Amino acid sequence: MNFESILLAIPLIIVGYVGYRVVFPPWNFPKNIPTIPFYVIFLPSILNIDQTELYHLYLKEPLEKYGAAKLFFGSRWNIIVTKPQMLAQVFKDEDVFAKSGNQKKIPHSVIAAYTGDNVISAHGQVWKLYRSIVTNGLQHFDESPIFRNAKLLGNIIGERFEQENKKEVSISMTGLVQRLCLDNISQVVLGFDFATLTSDKSPLHDHLMRIKKQIFHPFFLTFPFFDHLPIPARRRGFKDVEQFRKQLVEHVDDQLVKNYKFEQTTFAASDLIRAYNKDHINRKQLTDNIVILLVAGHENPQLLLTTSLYLLAKYSQTWQRRIREEIMNVFDSKKLLESPLLNSFLYEAVRVYPPLNTIINRCTSKTCLLGTNVVIPKGTYVGYNNFGTNHDKTSWGPDADEFKPERWGDDMESITKNWKHAKNACKVSSFHGGRRACLGEKLALAEMRITIAEILRNYEWTLAPEWDEKMTPAGPLAPLNLKLNFRKVNV
Ligand code: HEM
C-alpha cells in the first residue's frame with residue numbers, strides 16, 4: 001500500500017468507525033431490550049411528522065412490551081425507561097442512576113455554557129445545597145403578579161378586537177404565552193420584571209430570544225460534538241450566552257439589593273443571593289441557578305399553557321364550556337384549587353402531553369440491574385420518556401391515548417388522591433417524583449388555573465381553521481405554532 005492510499009484510507013476508516021458507532025449500540029449494552037433504529041430520531045427533520053406520531057410508529061410497541069429500549073439521542077446511545085416499576089427504581093436509586101446534566105454530558109456545548117451546574121442537573125451534596133436554598137421561595141410565593149399578568153394578557157387579546165374591528169380575531173399564541181410566562185417567573189421568583197407584557201422594548205427579552213435560537217438549533221442539539229469546532233456562529237453563540245448570563249444576574253442583583261427591604265424578601269433569587277453573600281455558593285453557582293430558574297420557570301409553564309389552551313379549543317363545546325361555567329364567579333386562588341373540572345382537566349393535559357417528553361440526564365455509576373434482568377454497564381446514559389409512561393395501557397387502560405379528564409374523578413378529594421397516587425406510582429412522570437420531584441409544580445399549576453380562569457371568563461376560542469394541527473417535532477412537547485380564534489364571551 002503506497003502513501004497516498006494510506007492517506008485516503010484514514011478518513012474512510014474514521015467515517016466508517018463513526019458510522020458504526022451511530023448505527024449500532026455499544027456491544028456491552030443489554031441484548032434483552034429492543035433497539036430503536038438509529039435513524040428514527042432524525043425522521044422529524046425530514047418528514048412532516050411530530051413526536052407523538054413518531055412515538056406511535058416506532059417507540060410504542062417495543063416500549064410497552066419491554067418497558068425500556070436503546071435509543072440514539074444527543075450523539076450517543078442511551079437507555080430509555082417507561083415502565084412505572086423500572087422508572088421508580090431509576091428515580092429512587094440516585095447513587096447508581098446519578099444525575100449527569102449537560103455540564104457533565106456535553107460540557108463543551110453552548111447549552112451547557114448557558115445552564116451550567118444547577119439544582120436540576122447537579123448530584124449529591126451540591127444538589128442538596130442548591131435545593132435547600134431555592135425550595136422555600138418556590139413553595140411559598142406571592143400570586144398577585146400572576147393575577148395581574150393574566151389580566152394584561154386578556155387586555156392584549158382584547159386590543160386585537162379594537163384594532164381589527166371584528167367579532168372574531170385570529171391570534172398566534174407562541175409569543176404571547178411566552179411573554180406571560182417570562183413576566184410571571186421574573187416577578188414571582190427572580191424579584192424583577194421582564195416587562196414584556198407592558199412594554200414593546202425589553203433588551204433582556206430580545207437578548208433571550210436571540211440566544212434561544214442558538215441554543216435550540218436542531219443540528220447542534222443532535223450533534224453537540226460540533227460545538228468543539230471553531231465555527232464562527234457558534235463562537236458568537238458562546239459569547240452571547242455569557243453576556244446574557246452576566247446581565248441577568250446583574251439585573252436580579254440590582255433590583256433586589258437596591259430594594260431597601262432586601263433582607264425581608266422571600267424570592268428564591270433573594271435566597272440565592274444571600275447564600276452567595278455568605279460564601280455558601282460562588283458567583284458561577286449563583287448564575288447557573290438563577291439562569292435555570294428563569295429557563296425551567298418560564299419554558300415549562302409556557303408549554304403547558306399552550307397545550308391547555310389548545311385542548312380547551314379542541315374541546316370547546318364540552319370542556320371549555322363546562323369549565324367556564326364552573327369558574328365564572330371564582331376569583332380566589334384557593335377556590336380555583338377546589339374546582340374539580342378545572343383541576344381534572346389540567347392533570348389530564350399534563351398526562352396526555354407531558355411538556356418535557358424525553359429526558360436523558362442520568363449516568364450509571366456502576367454496572368447495575370434494571371428490573372429483574374436488564375444488566376446496564378457502568379457509564380451508560382439512562383433517561384425516561386414521559387409520553388410513553390403516561391400513555392402506558394397497563395397503567396391507564398385501553399383508552400390511555402384518549403383525552404378524558406373524567407378519569408381523575410368527580411370530586412376534588414378523589415381527583416387529588418388519584419393525582420398523588422399516579423405520581424407516587426410513577427404512572428405519570430411529567431413532574432418527575434420522589435426526592436427530585438419538580439420544585440415548580442405548585443407554581444406552574446397555580447399559573448395555569450389563574451390564567452385559564454381569567455381568559456375563560458372573557459373569551460371563548462376555537463382552533464384557527466388554517467392551523468395545521470401538529471405537535472412540536474422533537475424536544476419540548478406542545479402544539480407547534482398554535483393559532484386560535486377568539487370571540488368575546490356574551491354575558
Ligand atoms: C408545567 C411546568 C413544569 C414541568 C412539566 C416541569 C417538569 C420537571 C421535571 C420533569 C423535572 C425533573 C427533571 C429531571 O429529571 O432532570 C423538574 C425538575 C425541577 N423543576 Fe420543574 N417543571 C415545570 C415547572 C417548573 C417551574 C415553574 C419551576 C420554577 C422555577 C421548576 C423548577 C424545577 C426545579 C428546581 C427542579 C429540580 C428539582 C430537583 O432536582 O431537586 N419547574 N421539573
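## Three-stranded sheet

In strand E10, Phe486 is the bridge partner of Val169. This pair belongs to a predicted model, and the description below concerns its two sheets and its ligand site. E4 and E10 run antiparallel and are joined by five bridges. Phe486 of E10 also has Trp461 standing opposite. On the side of E9, strand E10 (residues 483–488) is again antiparallel to its partner, and five bridges join the two. Within E10, Asn485 is the bridge partner of Thr462.

Taken together, these strands form an open sheet of three strands in the order E4-E10-E9, with antiparallel pairing. Strand E4 (168–172) and strand E9 (459–463) are its edge strands, each of which pairs on one side only. On average, and with direction ignored, neighbouring strands of this sheet are turned by 30 degrees against each other.

## Helices on the three-stranded sheet

H14 packs on this sheet and touches E9 and E10. The direction of H14 makes about 85 degrees with that of E9. Helix H21 (residues 441–458) likewise packs on the sheet, touching E9 and E10. For H21, the angle between the direction of the helix and that of E9 is about 100 degrees.

## Five-stranded sheet

A further open sheet has five strands in the order E1-E2-E8-E5-E3, and its pairing is mixed. Its edge strands are strand E1 (68–73) and strand E3 (97–99), and each of these pairs on one side only. Neighbouring strands of this sheet are turned against each other by 45 degrees on average, direction ignored.

Within this sheet, strand E2 (residues 76–81) and strand E8 (residues 381–385) pair in the parallel sense over four bridges. The bridge partner of Val81 is Tyr384 in E8. Helix H3 (residues 51–66) packs on the sheet and touches E1, E2 and E8. The direction of H3 makes about 145 degrees with that of E1.

## Shell around the ligand

There are 27 residues around the ligand, of which Lys99, Arg131, Asn361, Tyr384 and Cys438 come nearest. Tyr384 is thus one of the nearest residues as well as the bridge partner of Val81. By class, the shell comprises 17 nonpolar, six polar and four charged residues.

Three elements each supply at least two residues of the shell: helix H7 (124–139), helix H14 (283–314) and strand E5 (358–364). The largest share, six residues, comes from H14. Helix H14 therefore has two roles in this description, as a supplier of shell residues and as a helix that packs on the three-stranded sheet. Strand E5 likewise supplies shell residues and takes its place between E8 and E3 in the order of the five-stranded sheet.

## Polar contacts and the iron atom

Oxygen atoms of the ligand lie close to several polar atoms of the protein. An N or O atom in the side chain of Asn361 is 2.7 Å from an oxygen atom of the ligand. A polar side-chain atom of Trp127 lies 2.8 Å from a ligand oxygen atom. For Val119, the atom concerned is a backbone N or O atom, and the distance to an oxygen atom of the ligand is 3.5 Å.

The iron atom of the ligand has Cys438 (SG) as its only protein donor, at 2.3 Å. Cys438 lies in the loop between helix H20 (412–424) and H21. The helix that follows this loop, H21, is one that packs on the three-stranded sheet.

Technical notes. Residues numbered from 1 in each chain as written. Predicted model: local features only at pLDDT ≥ 70, side-chain atom pairs only at ≥ 80, totals over all residues. Heavy atoms only, no water. Near = heavy atom within 4 Å. Polar contact = N/O pair within 3.5 Å; in protein donor to acceptor, adjacent residues only side chain to side chain. Nonpolar A, V, L, I, M, F, W, Y, C, P; charged D, E, K, R; others polar. Pairing = 2+ DSSP bridges. Axes fitted to C-alpha atoms, helices over the stretch in contact; angles between N-to-C directions. Contact = heavy atoms within 4.5 Å. Donors = N, O, S within 2.8 Å, 3.2 Å for Na, K, Ca; no water.
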